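User: Could you walk me through this structure and explain how the labels people put on it are earned? I'm new to this, so plain talk is fine.

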Amino acid sequence: MLEELTFLEEGKFTQRDEVVKKKARDLAEIAQGEKSTILHEISKYLFRIATKDRPELFRKRTASDVILSGFTTGSTDKAIVFLALARENGIPSAYIEAFEKYWLQEPKFPIQGHVFVQIFIADQWRIVEPPR
């Protein structure tokens, strides 16, 4: 089953609309199409975006919403944007969510954990932490 997945498909929050496509093209142009450099440019872009404490937006925004707003609410937003931009540039990517053990034992809002992205590059899967 895993072999059938491309990890390039868009999801509800990682739709590759015109906003995502334009940002992906802009970053790919800076990187001159080199995959590892594209990933570096995506990371630099996300590092420059401000993070705001806006719990009412948590898990409600698409990659385009985040790009247009100019800010993230944390690792979930950054991972969603990273995924959408990487996939638009042909880099297979997967969303990985980790939870604090104590939160799993007693779940409540806000969720306590962190989000990572897994990318397939240079013929192997690697885990990336989008910039904080």
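Analyst: What follows is a set of questions and answers about this predicted model.

User: Let's begin with helix α4. How do you know that the span of α4 agrees with its number of residues?

Analyst: Helix α4 covers residues 75-88, which is 14 residues. At 1.5 Å a residue, α4 should span 20 Å, and its end C-alpha atoms are indeed 20 Å apart, so the two agree.

User: What makes α4 a mostly covered helix?

Analyst: Just count: 13 of the 14 residues of α4 are buried. To be called buried, a residue needs under 20% relative accessible area.

User: And what follows α4?

Analyst: Gly 90 does, and its phi is positive, near 80°.

User: Okay, on to pairs of helices. Why are α1 and α4 called roughly perpendicular?

Analyst: The axes of α1 (residues 18-31) and α4 cross at roughly 70° and come within 9 Å. Angles of 65 to 115 degrees count as roughly perpendicular, so α1 and α4 get that label. Their crossing is right-handed. On the α1 side the contact is made by Val 20, Lys 21, Lys 23, Ala 24 and Leu 27, and on the α4 side by Ala 84, Leu 85 and Glu 88. Sorted by class, that's five nonpolar, no polar and three charged residues.

User: Why are α1 and α2 called oblique, then?

Analyst: Helix α2 (residues 35-48) packs on α1 at an angle of about 120°, with the axes 8 Å apart. Roughly perpendicular stops at 115 degrees and roughly antiparallel needs over 145, so α1 and α2 end up as oblique. This crossing is right-handed too. From α1, the contact takes in Lys 23, Leu 27, Ala 28, Ile 30 and Ala 31, and α2 brings Thr 37, Ile 38, Glu 41, Ile 42 and Tyr 45. The classes here are seven nonpolar, one polar and two charged.

User: One more pair. What makes α2 and α4 roughly antiparallel or roughly parallel?

Analyst: Look at the angle: the axes of α2 and α4 cross at roughly 150° and come within 10 Å. That makes the two helices roughly antiparallel, because the label applies over 145 degrees. The crossing of α2 and α4 is right-handed. Leu 39, Ile 42, Ser 43, Tyr 45 and Leu 46 of α2 meet Lys 78, Val 81, Phe 82, Leu 85 and Ala 86 of α4. By class, you get eight nonpolar, one polar and one charged.

User: Now single residues. How do you know whether Glu 41 is buried or exposed?

Analyst: Glu 41, which sits in α2, has a relative accessible area of 8%. Buried means under 20%, so Glu 41 is buried. Skipping residues up to four places away in sequence, Glu 41 touches Leu 27, Ile 30 and Ala 31.

User: Why is Trp 125 called partly exposed?

Analyst: Its relative accessible area is 35%. The partly exposed class lies between 20% and 50%, so Trp 125 belongs there. You'll find Trp 125 in strand β5 (residues 124-128). Its C-alpha atom is 9.1 Å from that of Pro 92, although the two are 33 residues apart along the chain. Beyond its neighbours up to four places away in sequence, Trp 125 touches Phe 7, Pro 92, Ser 93, Gln 118, Ile 119 and Phe 120.

User: What about Leu 8: which label does its relative accessible area give?

Analyst: Leu 8 is at 28%, so it is partly exposed. Leu 8 is in the segment before α1. Leaving out neighbours within four places in sequence, Leu 8 is in contact with Arg 16, Arg 87, Gly 90, Ile 91 and Pro 92. The C-alpha atoms of Leu 8 and Ala 94 are separated by 8.7 Å, with their positions 86 residues apart along the chain.

User: Last one: what makes Gln 32 exposed?

Analyst: Gln 32 has 74% relative accessibility, and exposed means over 50%, so the label fits. Gln 32 is in the loop between α1 and α2. Its phi is positive, near 55°, though Gln 32 is a residue other than glycine. Arg 59 also isn't a glycine and has a positive phi, about 65°. With a relative accessible area of 32%, though, Arg 59 is partly exposed.

Definitions and conventions. Residues are numbered from 1 along each chain as its sequence is written. This is a predicted model: local features need pLDDT of at least 70, side-chain atom pairs count only at pLDDT 80 or more; totals for chains, interfaces and linings use all residues. Side-chain values use heavy atoms; hydrogens and water are left out. Helices (H or I, at least four residues) and strands (E, at least two) are DSSP runs, numbered from the N terminus. The expected span of a helix is 1.5 Å times one less than its number of residues. Buried means under 20% relative accessible area, exposed over 50%, partly exposed in between (1.4 Å probe, protein chains only). Axes are lines fitted to C-alpha atoms, for helices over the stretch in contact, and angles run from 0 to 180 degrees between N-to-C directions. Angles under 35 degrees count as roughly parallel, over 145 as roughly antiparallel, 65 to 115 as roughly perpendicular and the rest as oblique. A crossing is left-handed if the near helix is turned anticlockwise from the far one by less than a right angle, and right-handed if clockwise. Contact means heavy atoms within 4.5 Å. Ala, Val, Leu, Ile, Met, Phe, Trp, Tyr, Cys and Pro count as nonpolar, Asp, Glu, Lys and Arg as charged, and the others, Gly among them, as polar.
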